[in-house]
Amino acid sequence: MATLAEQVPGERMARIALSMIAEPNDPTTGYALARHSGVETLRLIESDDEVPGLARADVLMWRERLTARVMPGLLDQVAQAERHGFGTLIPADKEWPASLNDLGERAPYLLWTHGAASFLTTALSDRATITGARAATSYGEQVAGELATGLADEERVVVSGGAYGIEGAAHRSVLAASGQTIAVLAGGLDRPYPAGHSELLSRIGDVGLLVSELPPGAAPTRHRFLARNRLLAALSGATVIPEASPRSGSMTTVIAARELGRGVGAVPGPVTSVTSAGPNELIKQGFASTVTQPSDVIELLDADRTPDRTVTRPEAGREFGHRHPSQGTPGRSL
């Protein structure tokens with residue numbers, strides 16, 4: 001019987017297949033894909049060959065985990081996914097955002113898109129990420145909205161995750177200002193999440209851009225949300241946190257942004273508010289610049305910076321009570 005690698009007609013289909021059997025940010029898959037094509041990575045999954053640089057035991061676990069998801073009819077699922085009308089981007093495409101290559105072995109296998117993929121071809125300094133608490137206060141949502149509106153007025157693209165609270169406020173404000181926005185989702189593009197934002201996400205798909213590294217039909221999970229945050233950081237020249245608790249998942253976006261040498265901004269808030277505790281601590285420790293108005297974000301975007309390699313993932317994770325998504329079990333949904 002022909003292997004999956006023998007059946008896929010080219011690199012795009014191979015990467016689509018990988019997105020269906022491997023979890024996002026899977027370190028072993030990323031290691032193999034950074035050194036080989038998607039077709040060759042599929043072949044390695046289904047073969048007994050050694051993978052140079054990886055321990056035999058790790059390779060065996062990787063193969064066991066991924067081959068268990070190679071079900072009969074997988075290629076039919078690939079064809080069905082394409083019929084949804086969503087686009088796909090792989091590194092060879094001109095619309096592929098070069099900034100994702102900064103993730104190295106943690107880069108996505110491909111991107112599923114719906115909408116204006118041209119938003120991904122703008123300069124890195126033209127895109128800013130706004131993320132933060134889902135249970136945001138009116139203060140946080142107001143500030144997020146004002147920052148997003150100011151960025152839209154300056155023709156910068158606002159990147160966010162489509163969630164309740166800070167992210168929803170940012171998207172809505174950009175749309176109201178007739179600006180450009182990208183929503184990066186943690187599940188398939190055909191499964192808008194949260195359900196209460198279905199209309200908002202649909203509108204973003206019509207006039208902006210929806211992006212996911214997961215295929216149609218994939219449900220969001222905790223692991224996928226945390227993995228998604230590295231994309232929020234990598235797609236933009238700066239990440240801004242208006243509100244978030246110190247243990248919020250948004251802090252993993254900050255960690256990723258700092259590792260990539262991107263700008264980080266935080267909005268100060270009342271010391272009595274738990275949702276301002278995260279930004280206040282970021283500012284206090286010197287991990288983020290103080291942001292109070294859109295011009296502060298523009299300054300972060302336009303700053304010439306190089307990656308800060310002094311912050312390691314475990315240290316940054318402990319500082320905010322968070323584990324980096326790559327510290328979990330490879331490919332495991334939490």
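**Exercise 1. State how much surface the chain of this predicted model exposes, and decide what its overall dimensions indicate.**

Solution. The exposed area of the chain amounts to about 13800 Å². Carbon and sulfur atoms supply 50% of that area. Turning to the interior, 55% of the 334 residues count as buried. Along the principal axes, the C-alpha atoms occupy a box of roughly 65 × 40 × 35 Å.

The chain comprises 14 helices and 9 strands. Its radius of gyration is 19 Å, and the globule rule gives 20 Å for 334 residues; because these values are close, the chain is as compact as a globular protein of that length.

Contacts along the sequence complete this part. Among those between residues at least 6 apart in sequence, 76% join residues at least 24 apart.

**Exercise 2. Determine the strand order of the open sheet and identify its edge strands.**

Solution. The sheet has 9 strands in the order 1-2-6-5-4-3-7-8-9, and the pairing is mixed. An edge strand pairs on one side only, a condition met by strand 1 (87–89) and strand 9 (289–290).

**Exercise 3. Describe how strand 5 is joined to strand 4 and to strand 6, and give the handedness of each crossover.**

Solution. Begin with strand 4 (residues 157–160), which pairs with strand 5 (residues 181–184) in the parallel sense over 3 bridges. Within this pairing, Val159 has Ile182 as its bridge partner, and Ser160 stands opposite Ala183. Strand 4, helix 8 (residues 166–176) and strand 5 form a β-α-β unit that is right-handed.

Next, consider strand 6, which runs parallel to strand 5 and is joined to it by 3 bridges. Here Val184 is opposite Val211 of strand 6. The chain passes from strand 5 through helix 9 to strand 6 in a right-handed β-α-β crossover.

Finally, place the connecting helix. Helix 9 (residues 198–207) lies across strand 2 (111–115), strand 5 and strand 6 (209–212), and runs at about 105° to strand 6.

**Exercise 4. Assign the residues of strand 5 to their two directions, and state whether they are buried or exposed.**

Solution. In a regular strand the side chains alternate between the two faces of the sheet. In strand 5, Thr181 and Ala183 point one way, whereas Ile182 and Val184 point the other way. All of these residues are buried.

**Exercise 5. Classify Gly87 by its accessibility and locate its contacts.**

Solution. Gly87 belongs to strand 1, one of the edge strands. The relative accessibility of Gly87 is 27%; buried requires under 20% and exposed over 50%, so Gly87 is partly exposed. Leaving aside residues up to four places away in sequence, Gly87 touches Leu111, Trp112 and Thr113. Ala152 lies 65 residues from Gly87 in sequence, and their C-alpha atoms are 25 Å apart in space.

**Exercise 6. Find how many residues of helix 2 are buried and name them.**

Solution. Helix 2 spans residues 11–21, and 9 of its 11 residues are buried, which makes the helix mostly covered. The buried residues are Met13, Ala14, Arg15, Ile16, Ala17, Leu18, Ser19, Met20 and Ile21.

Technical notes. Residues are numbered from 1 along each chain as its sequence is written. This is a predicted model: local features need pLDDT of at least 70, side-chain atom pairs count only at pLDDT 80 or more; totals for chains, interfaces and linings use all residues. Side-chain values use heavy atoms; hydrogens and water are left out. Two strands pair if DSSP finds at least two bridges between them. Helices (H or I, at least four residues) and strands (E, at least two) are DSSP runs, numbered from the N terminus. Contact means heavy atoms within 4.5 Å. Axes are lines fitted to C-alpha atoms, for helices over the stretch in contact, and angles run from 0 to 180 degrees between N-to-C directions. Buried means under 20% relative accessible area, exposed over 50%, partly exposed in between (1.4 Å probe, protein chains only). The radius of gyration is taken over C-alpha atoms; the globule rule is 2.2 Å times the number of residues to the power 0.38. Accessible areas come from the Shrake-Rupley method with a 1.4 Å probe; for residues, only the protein chains shown count as cover. A crossover is right-handed if, with the strands pointing away from the viewer, the path from the first strand over the helix to the second runs clockwise.
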